[in-house]
Amino acid sequence: MKYRKYISSGLIRTINYILMFVFLVITMTGMTNAVMNRLMKKSEETNYESYKNILKGYTKAVNVKLQSYKNIVDIFNYEPLLSTASSSEIQKYLASCINKRPSDILCLIYVDKDGNGFTDAGRTFHLDEKNYYFNDDFAPQRYYIGDASQDPNGHYPPVFTIMEPVYDEKRNLKGSLCAIIPISIFNSIFESQNSESSILVTLQDSSKRFIYTKNKNMLMHPPVIKDSDYTVYEKQYIRNEEIFSLSGKLLDGREFDFLVSDIANAKWLIALSIPHEIRKTFQNQMRLTKIGILFSIVFLIGVMIIANSKIQKIITRKQLIEANFDPLTGVPTIDYFEKHAGKHIKKHKNLKYMIVECDIKNFKFINQKYGKNRADEVLVLFGHILNAGCNEFKGWLGRGYADHFSMMFRINSPEHALEKFEVQLAEFNEKIKACEIAFFPSFGISFYKGKESIGESIQSLIGQATFAKNSNKNNLVQNYAVYDSKLVEQVEEELYFEENMKTALEKGEFFVMYQPKLDLTTEKLCGAEALVRWNSPKLGLVGPDRFIPVFEKNGFITKLDFYVYEQVFIFLQNCIDNNIPTVRISLNMSRKHADSKQFMKKFLELFHKYSIPADLLEIEILERSVMDSVDLTTIVDMLHKEGFSVAMDDFGSGESSLNMLTKIPVDVLKFDREFLLSKEGQHLDESTKKFIKTLVNLGKNLNKLTLFEGVETEEQRDFLKSIKCDLAQGFLYSRPLYDGDFVNFVKRNY
């Protein structure tokens with residue numbers, strides 16, 4: 001009985017141990033499953049948020065890219081012109097925009113309501129189906145982004161279209177202004193994607209044509225997604241904020257999870273594809289972990305919680321850095337800049353700020369000549385210089401695409417801020433000189449002026465600064481410009497000049513005036529300079545300082561030169577035929593005549609149409625012409641051979657050099673009026689007099705006649721006489737005269 005008692009109690013303990021063990025195993029297993037399931041769910045949610053943030057980043061980048069091109073179309077959609085213009089006038093306007101539009105816009109197109117269209121290159125076409133350019137969603141939302149398309153012959157890259165409505169004066173829809181843009185502009189957004197990553201990004205339009213995908217052979221070939229090797233079946237869209245989620249699989253059976261987002265103002269989708277293998281691999285790892293937890297549940301759970309927490313912090317921190325800081329230069333991204341600068345302006349609406357947009361002139365040339373690595377070195381140096389300036393003045397800095405940077409500074413007044421900026425600009429230039437590769441920055445400035453600027457967004461302020469910067473691209477003296485109403489008026493005026501210059505020439509709106517030249521020794525009339533003016537029906541009398549720079553940029557100045565030449569020839573011929581006394585007339589040869597032989601051939605053909613002695617003409621040339629010194633020497637020799645006199649205009653102003661002067665045998669050295677403008681006011685200071693005397697003596701030593709233009713006071717005249725200057729021209733003697741008034745002046749002073 002005693003043994004039975006011991007056996008019974010031992011069995012009971014064993015059974016109790018077994019039951020306890022089973023209970024503990026079941027309890028621990030349940031606890032492990034609960035904890036691990038909770039951790040698995042949390043990790044999946046965190047990963048989902050991470051993928052969603054990545055997709056949001058790509059979505060925002062695409063939206064920003066599309067918005068930037070929409071802004072460019074806005075600039076060309078010039079309502080005062082397009083609302084009243086005829087189709088032919090719009091066609092001329094588009095043609096004038098070719099050299100102004102960015103190079104990555106392939107062309108501008110206008111399509112009217114009847115489906116008739118033409119490109120800025122002059123190609124016309126007709127659309128049988130106009131719903132692509134005038135659908136129900138088009139007019140109310142101001143602009144529309146079309147689907148991708150491709151030239152069936154493969155001559156042109158795949159493109160998409162940004163369209164804006166064009167209204168007539170009564171705000172009725174008149175047509176559509178379109179920009180044709182290659183889909184390759186999106187490659188730079190996705191280029192950071194690892195080509196070996198199993199997570200893919202796909203961008204497709206409303207017709208399911210791929211605009212971007214990892215498989216380059218799938219781009220637009222074939223156009224419909226269901227026929228490709230990347231087909232999504234049974235699309236079950238579940239709205240989650242602005243992100244859609246769905247499940248699908250490839251034709252080979254591999255399953256994927258997809259996150260899909262809409263692109264604003266376009267019926268496009270951007271998708272992030274995550275293979276199921278990632279989740280399955282994660283789940284298998286968790287099962288193995290559960291087995292280990294059974295042996296040391298508390299220790300392993302603690303280790304996993306700590307490790308998971310640290311990993312998530314590292315991932316989050318890395319994503320934050322990658323999303324908000326440019327990996328090349330280390331400065332904040334433009335999105336980060338716009339976000340924080342915009343918040344600061346909204347919070348402090350009554351304060352004043354200066355926004356600076358900058359880039360590097362001809363950066364593409366640096367990239368092509370020196371390669372990407374050296375060009376990146378230039379960008380890094382430029383970024384460090386700008387960052388140092390922002391740190392010094394407690395400003396904000398952001399890097400946009402390529403070589404574009406944006407800055408914002410809090411200021412007290414625009415005037416004081418510009419003074420500081422010019423000082424800082426000088427320091428920038430000194431630091432830039434340390435770079436082995438020479439580069440030249442360009443800056444545009446806009447201002448947020450407190451109460452009067454409330455409502456202005458940081459994006460619009462950056463746009464204003466960019467507009468100012470782009471308007472100053474050809475300024476070789478000052479490398480920054482400030483956005484204001486005068487700048488907008490100037491750009492509009494330049495556009496008017498370019499649109500009307502040919503018509504004005506045909507209608508004879510340009511005419512010639514003559515400014516007399518006098519011999520300083522005898523005070524006798526010895527010549528005159530022919531000066532062009534424009535009598536515009538809209539603007540009135542326009543001086544050459546307003547339209548000549550525009551014509552020099554677009555090359556129209558060469559046609560205007562020959563128009564002026566012929567008007568002078570007609571005037572001289574009339575004087576000769578009617579026995580009216582006359583003097584030698586100087587003709588300006590602009591710097592844009594590139595070929596000396598072609599110029600002389602055309603000039604002599606025109607000259608020989610009239611019976612005018614060659615000694616009645618003098619040609620004024622500029623050393624800074626596009627011709628080289630050999631061509632300039634050739635043309636001077638040819639002019640001398642025909643009996644013409646030759647003068648070098650603006651000598652000593654920094655345009656001409658002594659070396660060039662010894663090679664080019666001109667007859668007259670003409671000095672600019674700037675030399676007679678004294679620093680001390682109306683009276684010439686001693687340093688100015690010494691410099692002018694040196695220039696005149698130089699001309700004497702070279703056996704050249706010397707002529708000063710811009711003589712306006714008796715003091716200037718008397719001084720020039722005292723240093724033996726030969727000729728003078730200026731308001732002291734006469735302003736430019738109409739041809740009839742000039743004839744009377746000649747008769748009185750001959």
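1. Two residues are in contact here when heavy atoms of each lie within 4.5 Å. By this criterion, Ile385, Leu386, Ala388, Gly389 and Glu392 in helix H9 meet Gln424, Glu427, Phe428, Lys431 and Ile432 in helix H10. The structure under review is a predicted model. Helix H9 covers residues 372–392 and helix H10 covers residues 414–432; the two pack at an angle of about 150°, and their axes are 10 Å apart. The crossing of H9 and H10 is right-handed.

2. Some totals for the chain may serve as orientation. The chain has 750 residues, of which 45% count as buried. Its secondary structure comprises 20 helices and 26 strands. Among contacts with a separation of 6 or more, 61% are made by residues 24 or more positions apart.

3. One open sheet consists of six strands in the order S3-S2-S1-S6-S5-S4, with antiparallel pairing. Its edge strands are S3 and S4 (144–145), each of which pairs on one side only. Helix H3 (residues 87–96) packs on this sheet and touches S1, S2, S3 and strand S6 (173–182). The direction of H3 makes about 25° with that of S2.

4. Within this sheet, strand S1 (residues 107–112) pairs with strand S2 (residues 116–119) in the antiparallel sense, over three bridges. Ile109 stands opposite Thr119 in S2. The two strands form a hairpin with three residues between them, and Gly115 in the turn has a positive phi of about 90°.

5. Strand S2 also pairs with strand S3 (residues 124–126); three bridges join them, and the strands run antiparallel. Asn116 stands opposite His126 in S3. S2 and S3 likewise form a hairpin, with four residues between the strands, where Gly122 has a positive phi near 100°.

6. At the S4 edge, two bridges join S4 to strand S5 (residues 159–167), and these strands run antiparallel. The bridge partner of Ile145 is Ile162 in S5. For a reader following the side chains along such strands, a general point applies: in a regular strand, side chains alternate between the two faces of the sheet.

7. A further open sheet has five strands in the order S14-S15-S13-S16-S17, and its pairing is mixed. The edge strands are S14 (396–399) and S17, each pairing on one side only. Neighbouring strands of this sheet are turned against each other by 20° on average, direction ignored. Helix H7 packs on the sheet and touches S13, S14, S15 and S16, its direction making about 20° with that of S15.

8. The pairing of S16 with S17 in this five-stranded sheet is parallel, and three bridges join the two strands. Gly444 stands opposite Ala481 in S17.

9. Helix H11 lies across S13, S15, S16 and S17, and runs at about 140° to S16. The helix has 14 residues (458–471) and reaches 20 Å from its first C-alpha to its last, close to the 20 Å expected at 1.5 Å a residue. Which residues of H11 are buried? They are Ile458, Leu461, Ile462, Gln464, Ala465, Ala468 and Lys469. Seen down the axis of H11, these buried residues fall within an arc of 155°, so they line one face of the helix.

10. What do the buried residues of H11 pack against? Their partners include four strands of the five-stranded sheet: S13 (352–360), S15 (405–411), S16 (441–449) and S17 (480–482). They also pack against helix H7 (334–347) and helix H12 (485–507). Helix H7 thus recurs in two settings: H7 packs on the sheet, and H7 is among the elements that the buried residues of H11 pack against.

11. Phe190 lies in helix H4 (residues 187–190). Is this residue buried or exposed? The cut-off for a buried residue is under 20% relative accessible area; Phe190 counts as buried because its relative accessibility is 1%. Not counting residues up to four places away in sequence, Phe190 touches Tyr58, Val62, Val201, Leu203, Tyr212 and Ile270. Of these, Val62 is 128 residues from Phe190 in sequence, while their C-alpha atoms are 9.7 Å apart in space.

Note on methods:
Residues are numbered from 1 along each chain as its sequence is written. This is a predicted model: local features need pLDDT of at least 70, side-chain atom pairs count only at pLDDT 80 or more; totals for chains, interfaces and linings use all residues. Side-chain values use heavy atoms; hydrogens and water are left out. The expected span of a helix is 1.5 Å times one less than its number of residues. Buried means under 20% relative accessible area, exposed over 50%, partly exposed in between (1.4 Å probe, protein chains only). The arc is that of the directions from the helix axis to the C-beta atoms. Two strands pair if DSSP finds at least two bridges between them. Axes are lines fitted to C-alpha atoms, for helices over the stretch in contact, and angles run from 0 to 180 degrees between N-to-C directions. A crossing is left-handed if the near helix is turned anticlockwise from the far one by less than a right angle, and right-handed if clockwise.
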